[in-house]
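This report describes how parts of one chain are held against each other. Please look at the sequence and the model together while reading.

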Amino acid sequence: MKIFYQLAFFVLLVVVFGACRGDQQKKLIGYWEQVPFTDPEETPKKKYWEFYAGDALTVFTYVGEEVSDSMQLTYSISGTVFEVFSGADDRTYLPAARDPRGEYWVDDLNDSQFKATKRKHPDGSKEGVYVRVELVKR
C-alpha cells in the first residue's frame, strides 16, 4: 500500500509540472513585434509576426505606416523546437536576407516575449544559420 501512495504522488507531481508548462501554441497566437538589434529610433523598418490558431503565420515588414513586404507561412512548435515552413508564399529561400523559414531552438516563451535561435535552414544545412529572433507581444 505504501508503494501505491508513492506511485500516486509521483504521477500527481508529473501531472502538475506538465500542466505548468502550458500550451505553447496558445501563448504564440497573436501579434508580435520583432525587436531589432540596432537602435529602434534609427531603424525605419519594423517587422511583425502574426500567429494564428492552427499553423498559419504572417510576417509583415513596415516602413513608416505602410506594409513594404509580407510573407504567408506556416509554423509548428513542440517543446524546444519551433519550425517555420513555406506557406501560401513559396518564395526562393534567401538565407542572407534573414528569411524566417527554418528550425529554431526556443530559448524563452511566455505571455509577453518569445526568444528563439535559428539552428537549421529549411534544407537542413547549418552553415551561417545562428540568428537570434526576439519578439514582444503587442
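In which sense, and over how many bridges, do strand 7 and strand 8 pair? Strand 7 (residues 113-120) and strand 8 pair in the antiparallel sense over five bridges, where strands are DSSP runs (E, at least two residues) and two strands pair if DSSP finds at least two bridges between them. In this pairing F114 stands opposite L135 in strand 8. Strand 8 (residues 132-137) also pairs with strand 1 (residues 30-34), in the antiparallel sense over three bridges, and there E33 stands opposite V136.

The model is predicted, so that local features need pLDDT of at least 70 and side-chain atom pairs count only at pLDDT 80 or more, while totals for chains, interfaces and linings use all residues. Residues are numbered from 1 along each chain as its sequence is written, and side-chain values use heavy atoms, with hydrogens and water left out.

The count of salt bridges (a side-chain nitrogen of Lys or Arg within 4 Å of a carboxyl oxygen of Asp or Glu) comes to seven. The table lists some of them.

| Salt bridge | Closest N and O atoms |
|---|---|
| D69 and R91 | 3.0 Å |
| E103 and R119 | 2.8 Å |
| D107 and R132 | 2.8 Å |

E103 lies in strand 6 and R119 in strand 7, so this salt bridge ties together parts that are 16 residues apart in sequence. E103 is buried, with a relative accessible area of 12%, whereas R119 is partly exposed at 22%; buried means under 20%, exposed over 50% and partly exposed in between (1.4 Å probe, protein chains only). E33, K46 and R138 are linked in a network of salt bridges.

Terms used. Helices (H or I, at least four residues) and strands (E, at least two) are DSSP runs, numbered from the N terminus.
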